Amino acid sequence: MSMQALCYDHTGPAQEVLTLRDRPKPQPQAGEVLVRVAVSGANPSDAKTRLGTRGPAPFPLIIPNSDGAGRIEAVGDGVDPARIGQRVWLWNAGFGRPFGSAADYIALPSAQAAPLPDAATYAEGACMGIPALTAHRCLLADGPVTGLDVLVTGGAGAVGAYAIQMAKLSGARRVIATTSGGAKAEHALDMGADAVVNYREGDAAQAILEATEGRGVDRIVEVEFGGNLEITRKVLKQNGIIAAYGSMGDPEPQLPFYPMMFAAQTLRMVLVYLLPPEARAQGITALNGWLAAGALRHPVALRVPLAEGWRAHEACESNSRIGAALIDVAEGV
């Protein structure tokens with residue numbers, strides 16, 4: 001049997017290299033599940049791999065996208081048959097393997113198909129893997145944030161929007177977000193930020209301090225470590241923690257080791273693809289609890305059919321995008 005999949009066999013612009021092809025329907029191997037994909041989620045990392053910014057294509061043929069959601073149709077040896085028919089959301093579906101979620105079907109290890117609560121839609125499930133797990137790890141890896149002041153840089157991004165919501169749900173005292181202003185500032189406020197600072201105008205560090213009544217911040221969820229270091233060093237409290245998941249503007253920043261050491265501050269690097277198993281399990285449990293309760297909002301910038309999946313990849317290359325870029329693969333799953 002065959003299926004349709006969005007594929008590329010060389011790197012380049014999305015509309016040029018991503019094509020819809022007939023591919024053999026995969027069969028689940030031992031320890032795997034076969035998922036009928038309903039919605040595939042595209043992320044900037046998927047687009048960067050396809051564009052070639054991270055080197056040559058890692059496999060001769062690639063079906064992109066690590067995030068997605070659907071229903072388990074079959075299981076391989078060693079997997080409980082009771083999982084057949086279960087609604088699931090996917091993580092790391094396209095990481096370190098050639099065939100991701102932008103296809104009618106995907107076979108992947110059973111653990112990488114997390115149960116999707118009945119209250120959540122497939123589209124919501126397809127938003128979880130990269131942005132929501134990243135936000136959870138950055139915010140809560142070092143313990144609860146109850147009563148703490150939290151700074152979320154890039155508060156209008158997919159990770160930032162989830163981090164704002166999670167901080168509020170987790171009892172943070174104040175949540176401050178930075179954006180470039182305009183619609184992005186409005187979006188961060190809509191996600192629940194107590195204050196939004198335009199990092200392009202005036203003294204951003206002073207504005208952040210004023211937003212915390214001079215206290216400074218205990219935790220920083222950081223999208224641009226190197227580029228923001230001048231600001232964050234001024235607002236991070238003693239014993240404060242920066243959890244960084246990006247530094248594209250300055251990929252090799254100079255670390256102010258002794259100033260940070262004598263303030264007993266911590267820098268944590270977060271790469272969602274390599275979360276420790278216990279941390280990932282904690283994240284999945286927390287996300288599913290919020291999904292079941294309908295506690296999270298999931299902004300979507302665009303949804304396109306599989307044949308136009310290149311549009312979702314193009315959207316991931318734009319800094320103006322607010323919300324997820326989703327690909328509708330199948331209805332009635």
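**Buried turns, a helix face and a charged network**

Asn-65 is buried, with a relative accessible area of 1%. In this predicted model, the residue stands out for its backbone as well: its phi is positive, at about 90°, although Asn-65 is not a glycine. As a reminder, most residues other than glycine have a negative phi. Asn-65 is found in the loop that runs between helix H2 (44–51) and strand S4 (67–75).

The loop between H2 and S4 also holds Ser-66. Ser-66 is buried too, its relative accessible area being 2%. Leaving aside residues up to four places away in sequence, Ser-66 touches Gly-41, Asp-46, Leu-90, Trp-91, Asn-92, Ala-93, Gly-94, Phe-95, Ile-130 and Tyr-273. One of these contacts, Asn-92, deserves a second look, as it has a positive phi of about 55° without being a glycine. Asn-92 sits in the loop between strand S5 (87–90) and strand S6 (105–109), and with a relative accessible area of 9% it counts as buried. Ser-66 therefore brings together two loops in this description: its own, between H2 and S4, and the one that carries Asn-92.

Attention now turns to helix H7, which spans residues 204–211 and has Ala-204, Ala-205, Ile-208 and Ala-211 buried. These residues cover an arc of only 125° around the axis, which puts them on the same side of H7. The spacing follows a familiar rule: an α-helix has 3.6 residues a turn, so residues three or four places apart point the same way. The cover over the buried residues of H7 includes four strands and a helix, namely S8 (149–153), S9 (174–179), S10 (195–198), S11 (217–222) and helix H8 (225–235).

Both ends of H7 have a feature worth pointing out. At the N-terminal end, Asp-203 acts as a cap, with a side-chain oxygen 3.3 Å from the backbone nitrogen of Ala-205. Just after the helix, Glu-213 takes a positive phi of about 55°. Glu-213 counts as exposed, at 69% relative accessibility.

Glu-213 also leads into the charged pairs of the model. In general, side chains of opposite charge can pair when their charged atoms come close. The count of salt bridges comes to 14. In one of them, Arg-215 pairs with Glu-213, and the closest N and O atoms are 3.1 Å apart. Arg-215 counts as partly exposed, at 27% relative accessibility.

Arg-215 meets Asp-149 in a salt bridge as well, with an N to O distance of 2.9 Å. This pair links distant parts of the chain, since Asp-149 belongs to strand S8 and Arg-215 to the loop between H7 and S11, 66 residues apart. Asp-149 is buried, with a relative accessible area of 0%.

A further partner of Asp-149 is Lys-237, the two side chains meeting in a salt bridge at 3.4 Å, N to O. Lys-237 lies in strand S12 (residues 236–244) and Asp-149 in strand S8, so the pair ties together parts that are 88 residues apart in sequence. Both members of this pair, Lys-237 and Asp-149, are buried. Taken as a whole, the network of salt bridges links Asp-149, Arg-173, Glu-213, Arg-215, Asp-218 and Lys-237.

The last features concern empty space. Rolling a probe the size of a water molecule over the atoms shows where such space is left. One cavity of 30 Å³ or more is counted, and the largest cavity has a volume of about 150 Å³. Its lining comprises 20 residues, of which Pro-131, Ala-158, Pro-299, Gly-323 and Ala-324 are the closest to its centre. Strand S3 (32–42), helix H5 (158–169) and strand S15 (324–328) each supply at least two residues of this lining.

Among the pockets, the second largest holds about 180 Å³ of space. Of the 14 residues that line the second largest pocket, Pro-26, Arg-97, Phe-99, Ile-106 and Ala-107 are the closest to its centre. The elements giving two or more residues to this lining are strand S2 (19–24) and S6. S6 gives the most, with three residues.

Notes
Residues numbered from 1 in each chain as written. Predicted model: local features only at pLDDT ≥ 70, side-chain atom pairs only at ≥ 80, totals over all residues. Heavy atoms only, no water. Buried < 20%, exposed > 50% of the residue type's maximum accessible area, 1.4 Å probe, protein only. Arc of directions from axis to C-beta. Contact = heavy atoms within 4.5 Å. Polar contact = N/O pair within 3.5 Å; in protein donor to acceptor, adjacent residues only side chain to side chain. Salt bridge = Lys/Arg side-chain N within 4 Å of Asp/Glu carboxyl O. 1 Å grid on protein atoms, 1.4 Å probe; cavity = no way out; pocket = protein on both sides within 12 Å on 5 of 7 lines; lining within 4 Å. Points joined across faces, edges and corners; volume = space filled by probe spheres on them.
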